[in-house]
Structure formats: C-alpha cells, structure tokens
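Colleague: I am new to this model and would be grateful for a close look at one part of it. Please begin with the whole and then lead me to that part.

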Amino acid sequence: MIDPTRQRQLQELNMVELCTRIWQNSRNELYLNMRYLDLSLSSLGFEADPACRGVGTDGFVIYYHPEYFCDLYRRGRVLVNRSYLHMVLHCLFCHMDTRGNRDPVYWNLACDIAIESVIDGLYLKCVHVPVSAFRRDWYGRLGKKLAVLNAEGIYRMLRDMQLEERQLERIAAEYYVDDHSYWELPEDTPKTSIVRQNQWSDNRHKVQTEMETMGNQQDEETKSLLEQVQVENRERYDYKRFLRKFSVLRETMQVDEDSFDYVFYTYGLSLYGNMPLVEPMESKEINRIEDFVIVIDTSMSCSGDLVRRFLEETCDVLCETDTYFKKTNIHIIQCDEAVQQDVQITSREELEQYMEHFTIIGQGGTDFRPAFEHVNQMVGRGEFHKLKGLLYFTDGEGIYPVKRPVYDTAFVFVKDQYTDISVPAWAMKVILEPEQILESGQMPELGRMMATGQAASEGGWQSQAEREIT
C-alpha cells in the first residue's frame, strides 16, 4: 500500500514537472514568433510557490502556484503565453526598478495597463485575444492625452482622475495578470536590484539591436514595441551636466586651491611661523555660462504650467554659483509663429524679477525659424561675446530651420507629449519627465533626465547615427 503522504508528494512533483514543460513550450512558441526576445525569454527560470497569488516574477525567476497555473493552461495556451510575455515586458521596461516613491496601487495598475496595451496591439496568433469593449474605451481615453501608453504617463493620468475605489478595483481586475509582490527584493539577497536592473538594461539594448536588424521584416504592430524599447534605451543625463555643455572658459576672482603645493605651503608656516612659502592664486579659470539663449514655444499646443516650471528650474540651475557669472548675457525669448518677446538678463536680480512677473505671450501657431532668425541677427550685430548655445522648449510640432546655426542648439521636449520626427540632424534632443518638471524641487538632481543627442566635441559634431539611440 502506498503511503498517502508519499502519493501526494509524487502528485505534486508530477504537477511541477508538467508546469515546467508548459512554461518551456510557451517560451519556445514566443521565441518562434518574436525571435528578438530570445535572450529575454531565457533570462527567467521557473519555480513553484504555493504562496504565490497566481504567477509573478522578481526579474530572475517566474514564480507560480501550480494549481492556478494548470487552470490557466486549461483555459487556453494563449493565456499562458500572454502571462509569460507580460512578465518579460515588465522586466524589459524596468517597471520594478522605477517605482520609486509612487503610490503602489496606481503604479502597479499603470504598469499592467501599459504592458497589456502593448500585447493587445501585437496581433500575433500566439498572444492574441479579442480586446474587450472596456479595454478599448480605456485605451481611447488614455490615448487622447498620451502619445505613448507607457507606465509613467498612465500613472499620472490615473492620479489626476481621482477614481473611486470601486472603479480602481474594476480596472485592476480587468488588467491583472501577475503578482507584483515579488518586485521587492529582500535586502539580504545577493540578487540586488542593481544587478537586476543592469541585466535587463543589457537585455533591452540587445532587443533593440535585434529588432532594428530585422528592418522591413517587422510589421507595424511590432514597430510600436520597438519605439517603446527605444524610449527606455535613451541615454540618461544630469540636467546640470547637460547645461554645462554651453559653458565657456573664463577667469574669475576665486581662490584656486589647486594652484600651489601644500607641502611647501605647510613647510613655510612651520619654518617662518606665519609666512607660507607659496600663496594660492586669487583667480581661477573655470567653465561657466556667460552668453545663452532660452526660447519658449508659446503656441497653443504647449502647456503653460510645464513652460513656467521648465523656465523656473532652468533659471535655478543657471543661478548656481558654479555655473553662472555675476555679469552675464541671457536672452529669454517667447515665440509661437513669430517672436513675441525678448528679455535680456544680465544679473541674478534681473532674472529673479523677470520670473516674478513672468507671463506667457502668444498662443498662436508654431514656427521655429523666426526665433533663429532673431538670434542670428543679434549675433551679426555683435550683441553676444561668444554665444555657446540655444535651448528651445517645445512640443516639436512646427517648422524647423534647414541650415544649422553657428551655435549649439538643443530642442527640449516633455516625454510622451512631443513629436521629434522632423528634428534636424544637427540639433540635440533632450527629453524631460513631466512629473519631474511639475513635482521636482531641484532639476539638477534629476536621475531621469534623458537626451538622445550629445554636444559636439572641439573637433566638430557627431553624425546623427552616432549621436542618437532612438
């Protein structure tokens, strides 16, 4: 007679073995349809966990409840494939590592909606199920304000909607796929979030390379996935460091602590009492911003709150003592389809006074050329000593100049609210996070500041293919 305990254990082992084969078959089927996900699909192991609420992953292993998973398979192989792909995309888009201090209820829901919108748009037989009317309605509502349905944008919209608890529960039930409790890694585990983030960042770059190599073999639905991968792969920059690209080397009255040898200095003090052998230089050459132009797109398509906040934070950076001369020449220009205002700032006091009475002028169409023509005329008249750069805050929808100006130019966009298809090859592109502009207190500390182009070295500008990731 077989021991009942032994028999139950054998049944559990058989079930786990069966589940493992199902996961492996699902991985193979997804690979055959999406070969660019080969490495990503192979990066997750499988482990049964009776405490799991369905399925979930920590970025290293897929955990699953055996009975739940078998029931999911009985309902359809496609549902297993979608669950697998859903968790892989969570990892690729770094949802578990970018949560930060966000509300976990809204963030988890936003991540699920973002991933399901990608999968619903693939139309591959291995993952396709008819999209419900409820989902179509939500995709339409979100799509009216978001160019790309990514987690960050959806999170902001959900917070702004101030939904009732029953509404949140209904949406969460519609989009629930996996257990997000595994996203938080134990502090004593060697598999730290940094290791996880680096691994999936590497996977994401390889996915982009594979998808771009496919070229015309992709269909339109797959290209939308590529666009989201490209957005996540954009290089991150500190905004303060980015503005320093427009600085010039000047001598300033400041003690240069690196200009003398401390050995001789202390030796003189010890030998002669209060007379050092070497005194520090009273002037120092440093890189600071002297001549600069900020152009604000005041067309109807730009949000007034974002414009004001961007200008406030940029001016805060410029007013810092290590980036800003006491006497400077900054022009703040407001332009829609024509130059509406040009204010010259020569001191911190003038800048503070301008920001105190700042108002947006314009609200017409968008044409970038008048602002560049205006600045070019000022350069021709000698109103700048050495203009290093122009920063243009816009949504990207307008007419760009064809000819590259003699000064460096950067177009600054807000993520998910811009169109940069027509941006000239000679211009830099900087993409800011909306919540960082509206909610952050100090832009220099932003970790999610993104730029797809880099400033030129002394030898000249890099080609667009070399500069751009996207």
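How much accessible surface does the protein have, and what share of it belongs to carbon and sulfur atoms? After that, please take me through the network of salt bridges that includes R82 and D120, together with the elements around it.

Modeller: The model is a predicted one. The accessible surface of the protein comes to about 23600 Å², and carbon and sulfur atoms account for 48% of that area. The chain has 470 residues, 50% of which count as buried. Its secondary structure consists of 17 helices and 11 strands. Among contacts with a separation of 6 or more, 67% are between residues 24 or more positions apart.

The part you ask about is best approached through its charged pairs. A search of the whole structure finds 15 salt bridges. R82, E116, D120, R135, R170 and E174 are linked in a network of such bridges. Within this network, R82 pairs with D120, and the closest N and O atoms of the two are 2.8 Å apart. The pair joins distant parts of the chain, for R82 belongs to helix α4 and D120 to helix α5 (residues 104-120), with 38 residues separating them.

Are these two partners buried or exposed? The cut-off for a buried residue is a relative accessible area under 20%. R82 has a value of 6%, so R82 is buried. D120 has a relative accessibility of 5% and therefore also counts as buried.

A second pair in the network offers another setting. The side chains of R170 and E174 form a salt bridge with an N to O distance of 3.4 Å. Both residues lie in helix α8 (residues 165-175), 4 residues apart, which is about one turn of the helix. R170, at a relative accessible area of 39%, is partly exposed, whereas R82 is buried.

D120 also leads to a residue in the loop that follows. V131 is found between α5 and α6 (133-143). Apart from its neighbours within four places in sequence, V131 is in contact with D120, R136 and Y139. The C-alpha atoms of V131 and G121 are 9.3 Å apart, and 10 residues separate the two along the chain. V131 has a relative accessible area of 19%, so it is buried.

From R82, one may follow helix α4 to a sheet. This sheet is open and has 3 strands in the order β1-β3-β2, with mixed pairing. Strands β1 (45-48) and β2 (55-57) stand at the edges with a single partner strand each, so one side of each has no neighbour in the sheet. From one strand to the next, the twist averages 25°. Strands β1 and β3 (residues 61-64) run parallel and are joined by 4 bridges. E47 stands opposite Y63 of β3. Helix α4 (residues 77-92) packs on this sheet, touching β1, β2 and β3, and its direction makes about 25° with that of β2. The helix that holds R82 is thus also the helix that packs on the sheet.

For comparison, another strand shows a buried setting elsewhere in the chain. Each of the 7 residues of strand β9 (residues 408-414) is buried, so the strand is largely enclosed by the rest of the structure. D408, A410, V412 and V414 point one way from β9, while T409, F411 and F413 point the other way. Strand β8 (residues 389-393) runs parallel to β9 and is joined to it by 5 bridges; here Y392 stands opposite F411. Another 5 bridges join β9 to strand β10 (residues 428-432), again in parallel, and V414 stands opposite L432.

Two further sites complete the picture. The side chains of D367 and R369 meet in a salt bridge, at 2.9 Å from N to O. D367 counts as buried because its relative accessibility is 12%, while R369 is partly exposed at 36%. Y267, L271 and Y272 make a nonpolar surface patch of about 330 Å². Of these, Y267 sits in helix α12 (residues 262-272) and is partly exposed, with a relative accessible area of 45%.

To return to your request, the link between R82 and D120 connects helices α4 and α5, and both residues belong to the network with E116, R135, R170 and E174.

Key:
Residues numbered from 1 in each chain as written. Predicted model: local features only at pLDDT ≥ 70, side-chain atom pairs only at ≥ 80, totals over all residues. Heavy atoms only, no water. Patch = residues over 30% accessible without salt bridge, like charges linked within 9 Å, V, L, I, M, F, W, Y side chains within 5 Å. Areas by Shrake-Rupley, 256 points an atom, 1.4 Å probe, with all protein chains shown as cover. Salt bridge = Lys/Arg side-chain N within 4 Å of Asp/Glu carboxyl O. Helix = DSSP H or I, 4+ residues; strand = E, 2+ residues; numbered from the N terminus. Buried < 20%, exposed > 50% of the residue type's maximum accessible area, 1.4 Å probe, protein only. Pairing = 2+ DSSP bridges. Axes fitted to C-alpha atoms, helices over the stretch in contact; angles between N-to-C directions. Contact = heavy atoms within 4.5 Å.
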